[in-house]
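Before you set up any calculations on this model, I would like to share a few remarks on its surface, its interior and its backbone. Please read them alongside the coordinates.

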Amino acid sequence: FGLSENLPGGGNPISIDAIEELQVVISPYDVRQTNFIGGGVNAITKSGTNTFKGSAYVYHRNENMRGNMAGGKEVSGAREKDRNTTYGFTLGGPIIKNKLFFFVNAEYSKVPTVVNRWHGSKDGVMNADKYISRTTLKDLEEVSKFVKDKYGYETGSWTDFPANESNTKLLARIDWNINDRNKLAVRYNYTLNRAWNSTNGSSMDGGSRSGYSRFSQYGMAYANSMYSMDNVVSTVSVDLNSRISDNLSNQFLATYSKLDDIRGTNSEDMPFVDIRKDDGSAVLPYIALGYELFTYNNAVHNTHISVKDDLTYYAGNHKITGGLSYEYQMADNSYMRNGTGYYRYKSLEDFYAGAAPEVVCLTYGYDGEENPAARVQFHKAGLYAQDEWNVTERFKLTYGLRLDGLFFDNQDLMRNQAIYDL
């Protein structure tokens, strides 16, 4: 619920400057390739050599670098502020010449954005055209100090709010020529794509919902009540290539990948609190603080492990391949609306006095589970064989067979026996 729809790592988990070669395959007739329909993209990352070699780069793009005319007429909005800056470097070389090599890449990009334009007023007078809220800076400061002194909670700023979208990529690779017949490559890459979002507008449970947002001409919230969309990718791969004889070779490949889409926050655990200030005709927001009420334990996690071993034999004009593969995948989705609690007070006076709130909500996991999630996991085993037969110089025939078995493992499912007995 309310998570990013972006591709893993914000779209590209590996920097283009770390890629040596790209291969696009469309409906390939190859029993070794699986888990896609129609087409796939294979990337080979750069590796170190006997020569130290590196690069440093900066890419910058802004609204002044794109056209704003079409057919001799200016396009409205074509020159609105739009900036993206990317910094990065690569470095590769020998650790032991002819034997052991390294390659590293780091890249960081930043896109300045504005998530919240509203700010408090000095005199309590709103001005929607200038994004001035009726919530006074004095009240924002006093409430922040009050919860700090009484509960030890930091609300965050009420004048400066996180906004920039950022993307961080790291890649490291080691290549080892074990001997003339065996070569090992180990690669690790990490990507974090982060985009900040404003506090939820007006959703809540219980009571009458306000028709105005928590950031609006009627209300304000604090910086630590905002949340980020974090797309995280971590991958480790081990690739061992062996030449057993002049006609026989083997490849062993193992990969561990973890893809997480999670909501991030700068807030400590604290109930989300709404404080009203009504004008007598409607329910109106005034100040909101605490852990954003849709963010706690809101995440999608994907873990994927794959192991495969391919044996290839060359016999005249035949290339015969046989292999085994195993995959494990776990995916879960956790969501705890009001996970840290929710309180709504009718006025600042009630909040300061510790009066009973008009609305109280709390979500907790069944049977004491701290991070309840809808989870599915399965295992897949594969067996395959293939022959590439060069019948003539102009005709090649590829034929093969692949068998895959899918096995679900749901033994960790929790049953509410009281509901089941009904």
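The numbered points below take up a surface patch, an internal cavity and two loop residues in turn.

1. As a preliminary caution, this is a predicted model, and the remarks that follow should be read as computed descriptions of that model.

2. On the surface, a nonpolar patch is formed by Ile 95, Ile 96, Ile 174, Val 186, Tyr 188, Val 236 and Tyr 256, and these residues together have about 560 Å² of accessible area. Two strands, S6 (residues 84-96) and S11 (residues 182-197), each contribute at least two residues to the nonpolar patch.

3. Val 236, one of the patch residues, belongs to strand S13, which covers residues 227-243. Its relative accessible area is 34%, so Val 236 is classed as partly exposed; membership of a patch calls for over 30% relative accessible area, a cut-off that may be set beside the 34% computed for Val 236.

4. Turning to the interior, how many cavities of 30 Å³ or more are counted? The count comes to 1 cavity, and about 120 Å³ of space lies in the largest cavity. The elements that each give two or more residues to the lining of the largest cavity are strand S15 (272-276), strand S16 (285-289) and strand S19 (342-345), with S15 providing the largest share, 3 residues.

5. The lining of the largest cavity consists of 17 residues, and those nearest its centre are Ser 210, Arg 214, Asp 274, Pro 285 and Arg 344. Sorted by class, the lining has 8 nonpolar, 4 polar and 5 charged residues, a mixture worth keeping in view when the side chains around the cavity are inspected.

6. Which residue in the loop between S6 and strand S7 (100-111) deserves a look at its backbone? It is Asn 98, whose phi is near 65 degrees, a positive value in a residue other than glycine. Asn 98 has a relative accessible area of 55% and is therefore classed as exposed, since the exposed class begins over 50%.

7. A positive phi, near 55 degrees, is also found for Asn 297, again in a residue other than glycine. Asn 297 is placed in the loop between S16 and strand S17 (299-315), and S16 is among the strands that give two or more residues to the lining of the largest cavity. Because its relative accessibility is 21%, Asn 297 counts as partly exposed, the buried class being reserved for values under 20%.

Methods. Residues numbered from 1 in each chain as written. Predicted model: local features only at pLDDT ≥ 70, side-chain atom pairs only at ≥ 80, totals over all residues. Heavy atoms only, no water. Patch = residues over 30% accessible without salt bridge, like charges linked within 9 Å, V, L, I, M, F, W, Y side chains within 5 Å. Areas by Shrake-Rupley, 256 points an atom, 1.4 Å probe, with all protein chains shown as cover. Salt bridge = Lys/Arg side-chain N within 4 Å of Asp/Glu carboxyl O. Helix = DSSP H or I, 4+ residues; strand = E, 2+ residues; numbered from the N terminus. Buried < 20%, exposed > 50% of the residue type's maximum accessible area, 1.4 Å probe, protein only. 1 Å grid on protein atoms, 1.4 Å probe; cavity = no way out; pocket = protein on both sides within 12 Å on 5 of 7 lines; lining within 4 Å. Points joined across faces, edges and corners; volume = space filled by probe spheres on them. Nonpolar A, V, L, I, M, F, W, Y, C, P; charged D, E, K, R; others polar.
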